[in-house]
Amino acid sequence: MEFTSIKGFKDILPDEIAYWQQLEITARNIFRAFGFQEIRTPILEKTELFNRGIGEETDIVSKEMYSLKDSKGKSLTLRPEATASVVRAYIQNRLYLKSPVQKLFTIGPMFRHERPQKGRLRQFHQINAELFGDSGPKSDAEMITLAMGLFESMRLNDITLHINSLGCDQCREKFRDELKNYLGLRLDFLCRDCRRRAHTNPLRVFDCKIETCNQAISDAPSILQFLCQECERHFESLQEYLNRIGISFVLDHRLVRGLDYYTKTAFEIQTGELGAQNAIAGGGRYDGLVKLLGGPDHPAIGFAVGMERVVALLQQKRFEADHDRPDLFIAALGKKAEEISFDWAIKCRRDGLWIEMDYGPKGLKAQMKRAGKLNAKKVLIVGENELFSGKAVLRNMDTKVQEEIDLNNIYDILNRLDGGEQNC
Ligand code: HAM
């Protein structure tokens with residue numbers, strides 16, 4: 001019997017791992033610059049946390065959670081997103097006592113029982129950022145800048161920021177009533193799910209991907225017309241900050257996001273290069289969630305990046321994953337050269353350079369072929385003659401430029417291979 005992975009669960013294989021690492025390294029650098037600290041929460045949580053946190057009427061809670069019962073009959077769930085877990089950890093560990101503003105990030109797998117398709121998996125990975133303790137639009141602008149900065153650093157250009165305001169409880173209540181009336185007149189044109197949503201959670205109708213539903217609500221009222229003075233001011237101020245920073249955006253009054261905890265600012269970053277699953281990040285403010293989950297009345301804002309989708313973009317762009325290439329391949333010809341090269345390789349590897357060479361005696365052609373296959377950055381060719389003369393050829397495999405180097409200074413020269421940071 002051959003075992004295969006579960007549908008919608010995917011192996012991340014060595015030939016794509018460089019993209020993942022590059023994304024994580026870039027994210028970690030940006031998080032550092034913005035003063036974020038890492039937190040790691042368990043993958044399994046009590047089901048009630050997500051029911052309450054995300055909202056019973058959302059697709060995630062009503063149909064997509066991987067829930068199981070433990071031996072005592074308690075319902076547990078594989079986290080479908082990280083925000084509820086991070087909020088739980090923030091409350092349980094009283095992180096707010098350490099500093100009035102807490103900035104946390106986490107990276108890891110999430111689980112949603114959705115219909116798998118390109119860009120949509122049942123186990124997928126997110127980079128999450130959450131900022132607790134500030135209610136002003138400046139932190140909204142900061143979070144959006146952080147998210148956009150991540151994509152800019154990875155040279156992903158075809159991306160668009162969509163922003164909306166979902167208002168506070170008061171303005172949303174008024175909008176919900178108005179929307180219910182509007183949808184009530186169009187029930188015949190809506191899908192079965194949306195007919196139910198029209199009563200239970202009308203904003204979710206904007207999430208529906210079915211074209212007929214989209215057409216039926218094409219002239220639906222906009223939440224932006226229902227914002228109270230405070231929410232309106234907050235949203236305007238965010239736009240001013242974004243303009244000042246130089247981040248362009250699309251005002252998208254239909255952006256409601258698929259989770260119920262959002263208040264005021266909601267945003268999504270979309271790409272034109274991935275087809276239907278075009279959201280590479282999404283987030284927003286969730287000022288009521290900490291209190292709802294039993295904590296103090298602390299405001300918060302956050303976002304999550306879908307790592308599989310960003311990796312797909314990086315792969316399309318053939319993003320230069322320099323980290324995933326040997327720094328040097330040593331092509332050694334003859335017993336003596338093999339032995340000496342082995343010493344060089346071991347010393348340099350212990351100092352952090354990635355050095356490759358063959359284990360047994362091979363001809364130059366075979367070794368060059370292997371260096372090419374490994375995508376080595378440089379190749380050093382050493383045989384009896386080179387050892388005798390003390391000079392050898394170092395070939396840059398990208399530019400094809402060859403230089404003659406002095407083998408007496410071999411460690412100094414190799415030292416410079418990886419930007420000079422290694423210490424061979
Ligand atoms: P979300 O919009 O559900 O938000 O997910 C964020 C991102 O995760 C999406 O934009 C997408 O790139 C990726 N994603 C979601 N589902 C899948 C899937 N099935 N397969 C592949 N990628 C997927 C949240 O999860 C919120 N917790 C974000 C947040 C943090 N809001 C405040 N703080």
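Two strands are taken as paired if DSSP finds at least two bridges between them. In the predicted model described here, strand E7 (residues 159-165) and strand E8 meet this criterion, pairing in the parallel sense over 2 bridges. Within this pair, histidine 162 stands opposite valine 250 in E8.

E7 and E8 belong to an open sheet of 8 strands, which run in the order E1-E5-E6-E11-E10-E9-E7-E8 with mixed pairing. The sheet is bounded by strand E1 (37-38) and strand E8 (250-251), the edge strands, each of which pairs on one side only.

The protein chain as a whole contains 15 helices and 16 strands. Its C-alpha trace spans about 90 × 55 × 45 Å along the principal axes. The domain assignment gives domain 1, made up of 14-168 + 228-316, and domain 2, which covers 328-415. Taken over C-alpha atoms, the centres of domain 1 and domain 2 are separated by 47 Å.

Of the 424 residues in the protein chain, 52% are buried. Among contacts with a separation of 6 or more, 70% involve residues 24 or more positions apart. The accessible surface of the chain amounts to about 21500 Å², and carbon and sulfur atoms contribute 49% of this area. The chain carries 61 positive and 60 negative charges, and the mean positions of the two sets lie 3 Å apart.

A second group of paired strands involves strand E14 (residues 378-382), which is mostly covered, with 4 of its 5 residues buried. E14 pairs with strand E12 (residues 328-332) in the parallel sense over 5 bridges. In this pairing, isoleucine 330 has leucine 380 of E14 as its bridge partner. E14 also pairs with strand E15 (residues 391-396), here in the antiparallel sense and over 4 bridges. The bridge partner of isoleucine 381 in E15 is valine 393. In a regular strand, side chains alternate between the two faces of the sheet.

Helix H11 (residues 307-316) is likewise mostly covered. Of its 10 residues, 7 are buried, namely Met307, Glu308, Arg309, Val310, Val311, Leu313 and Leu314. An α-helix has 3.6 residues a turn, so residues three or four places apart point the same way.

Two individual positions were examined in further detail. Threonine 47 is found in helix H2 (residues 47-54). Threonine 47 counts as buried because its relative accessible area is 9%, the cut-off for burial being under 20%. Leaving aside residues up to four places away in sequence, threonine 47 touches Met65, Ser67, Ser75, Leu76 and Thr77.

Asparagine 409 is found in the loop between strand E16 (402-406) and helix H15 (410-415). The relative accessibility of asparagine 409 is 37%, and this residue therefore counts as partly exposed, a class that lies between the limits of 20% and 50%. Asparagine 409 and glycine 390 are 19 residues apart in sequence, and their C-alpha atoms are 9.4 Å apart in space.

Terms used. Residues are numbered from 1 along each chain as its sequence is written. This is a predicted model: local features need pLDDT of at least 70, side-chain atom pairs count only at pLDDT 80 or more; totals for chains, interfaces and linings use all residues. Side-chain values use heavy atoms; hydrogens and water are left out. Buried means under 20% relative accessible area, exposed over 50%, partly exposed in between (1.4 Å probe, protein chains only). Domain bounds come from an automatic or database domain assignment. Contact means heavy atoms within 4.5 Å. Accessible areas come from the Shrake-Rupley method with a 1.4 Å probe; for residues, only the protein chains shown count as cover. Lys and Arg count as positive and Asp and Glu as negative; His and the chain ends are not counted. The place of a charge is taken as NZ of Lys, CZ of Arg, CG of Asp or CD of Glu.
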